[in-house]
Every structure is written in C-alpha cells, then in structure tokens.
Amino acid sequence: MNKGESWIFKKLPDDIFSTATPEFVFQHASSSLEECAVICSKYSSCNSAYLHQSTCIGLSSLSPDSSHPASVGTYTKQREACQGSKFLEYKDICIMVSDLALSWYEAKQYCEDVGAHLIVLDSERKSNSTYEFIKNYYKGSFNEFYVGASDLAVEGKWEWIVPGASNYFNFHETQPNNYHIKYPTFTADCADIHTDGTLFDDYCGQKQAFICEI
Ligand SMILES: [Ca+2]
C-alpha cells in the first residue's frame with residue numbers, strides 16, 4: 001500500500017463476525033469518528049477503527065471480536081477501488097461473502113449484476129487469503145461457498161471464469177471426483193471452497209453461499 005494513498009472508511013457489513021483476536025495498533029483520545037479515521041489512515045498497520053468513550057481505537061484486524069460494545073460502529077480502511085457497501089478489501093482482494101443461498105449459475109449472475117465476478121482463486125496466495133477471511137469472519141455461518149470455477153464445458157477440464165486465470169486449483173486430495181454425495185444422480189461441475197480452505201466439485205444446482213470479487 002502506497003504512502004499517501006487516499007482511503008475511504010466503510011462500516012462493516014452487519015453479518016461479519018470476527019472470531020480472530022484483534023490486535024490493537026493504537027489508542028488515542030478523540031472526539032469524532034472522522035478524526036479517528038484520519039489517525040487510522042496514518043498507520044499502515046491500521047485496518048479498522050472505532051470510537052468508544054472518546055477514545056479512538058485502531059486495529060490491525062478488519063473488525064474487533066464479539067466483545068466490543070455492540071453500539072459502536074466499526075469502520076474499515078479501504079482502497080477507493082473496492083466499491084459497494086458489502087465488499088471489503090482483505091489482503092488486496094476486494095471480496096464479498098453473500099448472505100443469499102443461490103445455485104452456482106444464479107450466484108455467477110448475482111456477482112456480475114453488482115459489477116463483480118465469482119471469486120477466482122488461481123494462486124496459493126489468493127486461496128490462502130480467502131481461506132483466512134472466511135475462517136476469521138464467517139466461521140460457522142456457512143460450510144461452503146461457490147467460487148468461479150467449473151468443468152461445465154468439458155468434463156474434467158477445470159477452468160476459472162476469468163480469461164487469463166492460471167491453472168492453479170487447490171482441490172481437496174479427494175477432489176475433483178464429479179460426485180456430490182447429496183446429489184448422487186447429478187454430475188458435480190461447479191467448485192466451492194470449504195471451511196478447510198480446499199476446493200470441492202459439487203452439483204451446480206445446490207443453493208448455497210458464494211463469494212464475489214471485484
Ligand atoms: Ca465434473
């Protein structure tokens with residue numbers, strides 16, 4: 001992140017719930033959220049801030065844990081390019097976890113309708129960061145999330161939905177097997193990331209959570 005970059009501060013989506021232990025970057029006396037945001041912008045390690053009893057508290061995590069006062073709004077520091085109230089920038093990925101249960105096709109369309117696409121995890125770095133994100137902030141909410149990969153065109157030939165993506169797929173060691181235990185009469189042609197961070201091939205018609213990326 002460049003020094004002098006302009007930041008926007010976004011309120012955290014309501015459904016985000018951190019199970020990570022927050023790391024405090026600073027505490028300063030402050031009387032306004034605006035001032036608190038300016039202080040956070042000056043610390044490269046500050047990723048979110050909130051104001052509580054005239055104290056501005058800066059955190060390295062995207063959110064505090066569940067012990068923070070419920071009445072206190074937390075604001076995350078974001079690059080301007082990560083638009084949309086439900087999108088959050090996490091380790092250079094502009095990411096949104098859905099709170100809707102959709103088929104893979106519907107999820108793909110949903111992401112496109114909001115100017116994004118189903119997330120493409122075509123590198124170890126992106127795969128690990130996304131795993132961390134769902135582990136830290138959406139643990140227990142869902143078990144699996146659609147991502148932007150399928151072998152719908154040619155069985156067994158897995159492709160990311162974005163042109164130019166790499167051939168990296170972090171499939172679980174038992175996957176892909178073209179089999180979904182809950183839908184044994186269908187083929188399994190759409191990928192989702194499970195809470196262990198690996199990809200599975202599943203039946204594309206199953207309605208479930210998904211992750212968009214800008
Ligand atoms: Ca398949």
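User: Which way do L199, F200, D201 and D202 point from β12, and are they buried or exposed?

Analyst: L199 and D201 point to one side of β12, F200 and D202 point the other way, and all are buried. A residue is called buried if 20 or more other C-beta atoms lie within 10 Å of its own, exposed if 12 or fewer do, and partly exposed in between, with C-beta atoms placed from the backbone. Do keep in mind that this is a predicted model: local features need pLDDT of at least 70, side-chain atom pairs count only at pLDDT 80 or more, and totals for chains, interfaces and linings use all residues. Residues are numbered from 1 along each chain as its sequence is written.

User: What makes β12 a strand, and how are helices told apart?

Analyst: Both are DSSP runs, numbered from the N terminus: a strand is a run of E with at least two residues, a helix a run of H or I with at least four. By that rule the chain has three helices and 13 strands.

User: How do you know that β11 and β12 pair?

Analyst: Two strands pair if DSSP finds at least two bridges between them. β11 and β12 have four bridges, in the antiparallel sense, so they meet the rule. D192 has F200 of β12 as its bridge partner. The two strands form a hairpin with four residues between them, and in the turn G197 has a positive phi of about 90°.

User: Which strands are the edge strands of the open sheet, and what makes them so?

Analyst: The sheet has five strands in the order β1-β5-β3-β4-β2, with antiparallel pairing. β1 (7-11) and β2 (24-29) are its edge strands, as each pairs on one side only. Within the sheet, β3 (residues 48-52) and β4 (residues 55-59) run antiparallel and are joined by five bridges, and L51 stands opposite C56 of β4.

User: What makes a set of residues a nonpolar core, and which residues touch the most other members of the largest one?

Analyst: A core is a set of buried Ala, Val, Leu, Ile, Met, Phe, Trp, Tyr and Cys residues joined through C-beta atoms within 7 Å. The largest has 35 residues, and L118, F145, V147 and I211 touch the most other members. The elements giving two or more residues to this core are β7 (93-97), α2 (104-113), α3 (124-137), β9 (144-150), β11 (190-194), β12 (199-202) and β13 (209-213). Apart from it lies another core of ten residues, including C36, L51, C56 and I57.

User: What is V147 in contact with, leaving aside its neighbours within four places in sequence?

Analyst: Contact means that two C-beta atoms, placed from the backbone, lie within 7 Å. For V147 the list is L118, I119, L121, A191, D192, I193, L199 and I211.

User: Why are the buried residues of α2 said to line one face of the helix?

Analyst: The buried residues in α2 are W104, A107, K108 and C111. Seen down the axis of α2, they fall within an arc of 100°, so they line one face; the arc is that of the directions from the helix axis to the C-beta atoms. Q109 and D113, on the other side of α2, are exposed. The cover over the buried residues of α2 includes β8 (117-118), β9, β11 and β13.

User: Which residues are buried in α3?

Analyst: K126, S127, T130, F133, I134 and Y137 are buried there. They cover an arc of only 135° around the axis, so they sit on the same side of α3. These buried residues pack against β6 (88-90), β7, β9, β11 and β13.

User: Why does G156 count as exposed, and N178 as partly exposed?

Analyst: G156, in the loop between β9 and β10 (159-160), has 9 C-beta neighbours inside 10 Å, so it counts as exposed. N178, in the loop between β10 and β11, has 13 C-beta neighbours inside 10 Å, so partly exposed is the right label. The two are 22 residues apart in sequence and 7.9 Å apart in space, C-alpha to C-alpha.

User: What is the phi of N178, and what is said of it?

Analyst: Phi of N178 is near 55°, a positive value in a residue other than glycine. K91 also has a positive phi, about 50°, although it is not a glycine. Most residues other than glycine have a negative phi, and most peptide bonds are trans. A cis peptide bond joins Q175 and P176, with omega about -10°.
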